Amino acid sequence: MQMKLKLTGTKRTRSNAITYGIVVLAFLLVQIVDGTGNLTSSLRGQLVPICAYIVMAISLNLTVGILGELSLGHAGFMSLGAFSGVIVSVSLQESIVSDPVRLLVSLVIGAVIAGLFGIVVGVPALRLRGDYLAIVTLAFGEIIKNVINTLHVGIGRNGLRISMTDQASLNLGEGGTVIIQGPIGAVGINKTSTFTAGIILILVTLFIVLNLVHSRSGRAIMAVRDNRIAAESVGISVTRYKLTAFIISAALAGAAGALYALNYSTVVARKFDFNTSILVLVFVVLGGIGNIRGSIIAATVLTVLPEMLRAFNDYRMLAYAIILIIVMLTSNNDQLKQLIQRATSIFRRNKDSRRKGEESTHA
Amino acid sequence: MPSTSKMVPVPSRAIIPERDLNATPILEVSHLSVHFGGLNAVEDFSIIVGRTEIAGLIGPNGAGKTTVFNLLTKVYQPTRGAILLDGNDTAGMNTVQISQAGIARTFQNIRLFQSLSVADNVKIGLHNQVKYSTMSGILRLPSFWRSERRAHDEAMELLSIFNMQHMANYKAGSLPYGAQRRLEIVRALATRPSLLLLDEPAAGMNPSETEELMANIIKIRDMFQIAIMLIEHDMRLVMGICEGIAVLNYGKIIAKGTPEEIQADPAVIEAYLGQKKEA
């Protein structure tokens, strides 16, 4: 009995190790392909966005899969992280010379700001359930987009200045820099994001989410998801753990946003609209709700796919949609599932008998 | 099987086991009422449960038995009346605080954490017993490893009450019905209650399973020295292990007493079998 218990313990750590391994392997693979000069420039340009979307997908999976609440405004948190990251990066241009350090500070502050908004949105919204929470988060995403669209931020002698009307009212004076110009967005960003930084952010995200899930708090979060009444009856504060998951999810989305924004020289608020929220939700649903590794794979494939489909020209988005529908249908096909299950059970049986053989020889 | 302690009357016409006489009763409910709109779901419900008593709550369907459990655990707030747990007033507490104060329960329609493993279900029951912060969980600090080991050991020990250790890694939702009911009891025990409420623990069990359950309920009481209050329709179980029984009909207590007294009570017979036709 003790034997069997240990076995599942190692199985869980092994499953986590595979997830980390896939990310590291992908990183090495890209480095090799890039080193030999086989990486197309369009794909190279997508490396950092892919990393950002993977972090977004993992973070949304924490809300949708682990916490079991539907959020349709995740791009809002990404946007908050993106613009606060840009502001930090531009403001600290002179004081922090090292690019990686400035990026790190930007990511952390992007995450903190998004996390703070996670509290502001979460405290009232998490009292709602199901469709109502979805509507509130949807509205939140739109509000964030529209507010940032009218925002003017600059830095001058008097420090950071913010205006909701126009650029002139910033009063920056001589030598001031405008960071965000309302609908034009943030311009003149120093690109500091790198693929390596993206991979590190993914690994940190995995570390946080996987460790959270397999801990006391993670169990409490999943208990609330599975049965709220039973969770309360064993003394778990539902609001507290819903909020914990939501804030962590928002903060990670903020870090993803900062990584994404600092990969471009300009970034506009419209980029983080409802479509982006849905896109990330598609990653989560396609990769399997609650399945972290699935989110990573789905985010990668679905970000690369539109580029791969360039050959179809005008029919690109049509082909993309058709592929999505086909994958959704086949991944929910019972006959197909049974087939896969049968195949894996044969494989497992072989492995088990081999293990038994080993045990008997040891005995 | 039932404890041989004699039942003795205590003030307010309630009875508790003689062995519990010198201690504060674990539960003292007086004049508890709840109204839903015009419906008096529970009306003037008073009961005293001794520290190590096994108490029964019976009555026809819709009599308000589960509502009493929901009032005790603050799923509903009472319209009137007081609930004293171990001598302390529970007014103003919520479900979470009640759990921490020492009342645990199972549910009539099983409420497990279906997608999680059996061991995780019990560890969730240990939530307020084995504690460490979210941060030390994420950062895998020493307190995480120490507490997780303790939680694992305690979960296994609790599962061993029902000989369920070998099921620890199964998904809770995949267990057979009887095992799911037993797991709910284990999860409730994990919160270290002083009063355990069982809502139809024998529902859906066959006679031999029920027999085993009866022995286990007594075993739990003796092991943990706690009070157990149960709702049950299986009269063999109720009459076999309950020391004090209260009968509820239309939200009101119609009889209180020992199993023998209840079986002979004309009001109870009428509630269950209907009024005798006048010849």
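## Exercises on a predicted two-chain model

Strands β3 (residues 27-36) and β6 (residues 80-85) of chain B run antiparallel and are joined by 5 bridges. This is a predicted model: local features need pLDDT of at least 70, side-chain atom pairs count only at pLDDT 80 or more, and totals for chains, interfaces and linings use all residues. Residues are numbered from 1 along each chain as its sequence is written, with chains lettered from A and ligands numbered from 1 in the order in which they are written.

**Exercise 1. Place β3(B) and β6(B) in their sheet.**

Step 1. Fix the terms. Strands (E, at least two residues) and helices (H or I, at least four) are DSSP runs, numbered from the N terminus. Two strands pair if DSSP finds at least two bridges between them.

Step 2. Take one bridge. B:Glu28 has B:Leu84 in β6(B) as its bridge partner.

Step 3. Read the order. The open sheet has 4 strands, β4-β3-β6-β7 of chain B, with antiparallel pairing.

Step 4. Find the edges. β4 (39-49) and β7 (88-89) of chain B each have a single partner strand, so one side of each is left without a neighbour in the sheet.

**Exercise 2. Describe the hairpin of β11(B) and β12(B).**

Step 1. β11 (residues 244-249) and β12 (residues 252-257) of chain B pair in the antiparallel sense over 5 bridges.

Step 2. B:Val247 is bridged to B:Ala255 in β12(B).

Step 3. There are 2 residues between the strands, and B:Tyr250 takes a positive phi near 50°.

**Exercise 3. Analyse how the two domains of chain B meet.**

Step 1. Set the bounds, which come from an automatic or database domain assignment. Domain 1 of chain B is 1-102 + 194-272, and domain 2 is 113-192.

Step 2. Locate the centres. The C-alpha centres of domain 1 and domain 2 of chain B lie 27 Å apart.

Step 3. Count the contact (C-beta atoms, placed from the backbone, within 7 Å). Domain 1 of chain B gives 11 residues and domain 2 of chain B gives 10 residues.

Step 4. Assign the domain 1 side. α2, β9 (195-199) and α7 (207-224) of chain B each supply at least two residues. α7(B) gives the most, with 4 residues.

**Exercise 4. Identify what builds the largest nonpolar core.**

Step 1. Define it. A residue is buried if 20 or more other C-beta atoms lie within 10 Å of its own, exposed if 12 or fewer, and partly exposed in between, with C-beta atoms placed from the backbone. A nonpolar core is a set of buried Ala, Val, Leu, Ile, Met, Phe, Trp, Tyr and Cys residues joined through C-beta atoms within 7 Å.

Step 2. Size it. The largest core has 178 residues, and A:Cys51 and A:Leu259 are among those with the most contacts inside it.

Step 3. Find the main contributor. Helix α2 (residues 41-66) of chain A gives the largest share, 15 residues.

Step 4. Place it. Domain 1 and domain 2 of chain B both give residues to this core, so it lies between them.

Step 5. Follow A:Cys51. Residues up to four places away in sequence aside, A:Cys51 touches residues including A:Phe195, A:Gly198 and A:Leu259.

**Exercise 5. Check two helices of chain A against their expected span (1.5 Å times one less than the number of residues).**

Step 1. Helix α6 (residues 195-213) of chain A has 19 residues and should span 27 Å; its end C-alpha atoms are 27 Å apart, which agrees.

Step 2. Buried residues of α6(A) include A:Gly198, A:Leu201 and A:Val209.

Step 3. Helix α9 (residues 238-261) of chain A has 24 residues and reaches 35 Å from its first C-alpha to its last, close to the expected 34 Å.

Step 4. In α9(A), 18 of the 24 residues are buried, so α9(A) is largely enclosed by the rest of the structure.

How values were computed: Two residues are in contact if their C-beta atoms, placed from the backbone, lie within 7 Å.
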